[in-house]
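Could you walk me through this protein chain as if I were seeing a fold for the first time? Keep it relaxed, and take it one piece at a time.

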Amino acid sequence: MSAAIKGPRITGIRTFLMQAGPLGVSGWAADVRNSITTGTRNWLFVKVETEDGITGIGEGSGWPRVVEAAVRDLSSVVIGQDAFAIELMTQRMQVAMMGHGMSGVVGQGAIGAIDMALWDIKGKALGVPVWQLLGGRLRDRIRAYAHASTPDQARAAVAKGFRALKTGGVKNPVEKATAIREAVGDDIDIMIDAHGPPWLTAPDAIGICHALAPLAPLFVEEPLAPEDMEGYRRLRASTDVPLASGERHGGFQGIATLLHEGLVDVVQPDAGRCGGITGLRKIAIHAESRFATLAPHAGSLGPVAEYAALHVLAAVPNALILEKMDPDWDGRARCVTATPELRDGHLMIPEAPGLGIDIDEEFVALHPSIRNVGLPAGGWPEGTEAATLYAQPRHPRAPAFRGKR
Ligand SMILES: [Mg+2]
């Protein structure tokens, strides 16, 4: 049968889990001094093999150490099947997992990693970049934003060509953003990420957004915990500041409520846990129907998922911007065969067939996974915000959220 009708049969799936940087390094936080996430970042790559020798690469997040087990479990669903039947494989994997409960970040991370690899295989087999399969590209580059925790870091990013910066943190987002706005002026876009901790209430978020409004942010990100939909409804009704969220939701269905109800202006799917390229595309279309734009999350993700996001952003009309971990651990470039070119604050869209990236298996093997959950440096301080989620943190933290400027 011709390649136009049927693709090669899937013969195997291999997983590659790595510690993304030494334990003292974090790629997720611009300020790592007190970060609970320091040294916890793992990257999970997946290779799907086919009978004709073409392999596809994918990446799954959503708790990579756990997702690795889920990918292995799902292998039996896809091995022996047509590698071109991407939507069919996605549907079958969903059905196979139904007994495990609602679709979440682990399931969508595993499905997404395999999905990404199947798009890579199809692009390679047909000799076209993945964006060509998604309807063709609308742009050859996408604006990127860097991270800054201090005015000096902000000035350094601008000197490097970035015209958009994100700051934040769960302690003093208003203070940080104000200092950075003063340092870089009004021509640079600023985003503020509150990281949606569970102790932020709707009144806190409303106060933060009112305090940030004079800074004209491009968006305020995760002003509330991802589970607090009622809080998002109250917040949306109380502020005109552009709101962004979605990086911690699993899959298309997880993000749907934010879009259905118009609770966010910018949706931030994590390519590694939103169902892969298929999931990203569905979210982009849903967002377009709600006049929302797409700014995929990249913070905890590795370089393969970044490529997946670039292909989707090339092909959808409502692409806003892409998060760029810059600077990052130097292993980010060394564990893969290609890195996206950064030019004038934009990432160039890859043009090689498939995703245009592969992993260096030897380099990945030199960095085995050690830890994938957060531990505070120096242990758990009893009775503080580092040890409990809700009640105790409110008292000492409240002033930081009350729009102090
Ligand atoms: Mg974030």
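**A walk through the fold**

Let's begin with one pair of residues: I142 in strand 4 stands opposite L347 in strand 13. Keep in mind as you look around that this is a predicted model.

That pair belongs to a longer partnership. Strand 4 covers residues 141–147, and three bridges tie strand 4 to strand 13 (residues 346–348), with the two strands running antiparallel. A bit of background helps here: strands of a sheet pair through backbone hydrogen bonds, and they can do so either parallel or antiparallel. Strand 4 shows you both kinds. With strand 11, strand 4 pairs in the parallel sense over two bridges, and A144 stands opposite L322 of strand 11. Strand 5 (residues 164–168) also runs parallel to strand 4, joined by two bridges, and there A146 stands opposite L165. How covered is strand 4? Mostly: six of its seven residues are buried.

A146 is handy for one more stop. The C-alpha atoms of A146 and P327 are separated by 8.2 Å, although the two residues are 181 apart along the chain. You can find P327 in the loop between strand 11 (322–323) and helix 12 (331–334). Is P327 buried or exposed? It falls in between: P327 has 15 other C-beta atoms within 10 Å, so it counts as partly exposed.

Now step back and take in the whole chain. It has 14 helices and 13 strands, and 51% of its 405 residues are buried. Contacts between residues that sit far along the chain from each other turn up a lot, too: of the contacts between residues at least 6 apart in sequence, 72% join residues at least 24 apart.

Next, head for the start of the chain. Here three strands make an open sheet, in the order 1-2-3, with antiparallel pairing. Strand 1 (10–19) and strand 3 (55–60) are at the edges with a single partner strand each, so one side of each has no neighbour in the sheet. On average, neighbouring strands of this sheet are turned by 20° against each other, ignoring direction.

Strand 2 (residues 42–50) pairs with strand 3 over six bridges, and with strand 1 over nine bridges. On the strand 1 side, F16 stands opposite F45 in strand 2. On the strand 3 side, V46 has G58 as its bridge partner, and E49 stands opposite T55. Strand 2 is mostly covered, with seven of its nine residues buried. To get from strand 2 to strand 3, follow the hairpin they form: there are four residues between them, and G53 in the turn has a positive phi of about 95°.

What lies across these strands? Helix 3 (residues 105–126) does: it lies across strand 1, strand 2 and strand 3, and runs at about 150° to strand 3.

Helix 3 has a helical partner as well. Two packed helices are described by the angle between their axes and the distance between the axes. For helix 2 (residues 86–97) and helix 3, the axes come within 10 Å and cross at roughly 160°. Angles over 145 degrees count as roughly antiparallel, and therefore helix 2 and helix 3 are roughly antiparallel to each other. Helix 2 passes helix 3 in a right-handed crossing. Who meets whom? From helix 2 come I86, M89, T90, M93, Q94 and M97, and from helix 3 come G107, I111, I114, D115, L118, W119 and K122. Sort the residues of this contact and you get eight nonpolar, three polar and two charged.

Finish with another helix pair and compare the descriptions. Helix 5 (residues 151–159) and helix 6 (residues 173–184) pack at an angle of about 45°, and their axes are 9 Å apart. That angle makes helix 5 oblique to helix 6. The crossing of helix 5 and helix 6 is right-handed. Here P151, A154, R155 and V158 in helix 5 meet A179, I180, A183 and V184 in helix 6. The residues of this contact come out as seven nonpolar, no polar and one charged.

How values were computed: Residues numbered from 1 in each chain as written. Predicted model: local features only at pLDDT ≥ 70, side-chain atom pairs only at ≥ 80, totals over all residues. Pairing = 2+ DSSP bridges. Axes fitted to C-alpha atoms, helices over the stretch in contact; angles between N-to-C directions. Contact = placed C-beta atoms within 7 Å. Parallel < 35°, antiparallel > 145°, perpendicular 65-115°, else oblique. Left-handed = near helix turned anticlockwise from the far one by under 90°. Nonpolar A, V, L, I, M, F, W, Y, C, P; charged D, E, K, R; others polar. Buried ≥ 20, exposed ≤ 12 C-beta atoms within 10 Å, placed from the backbone.
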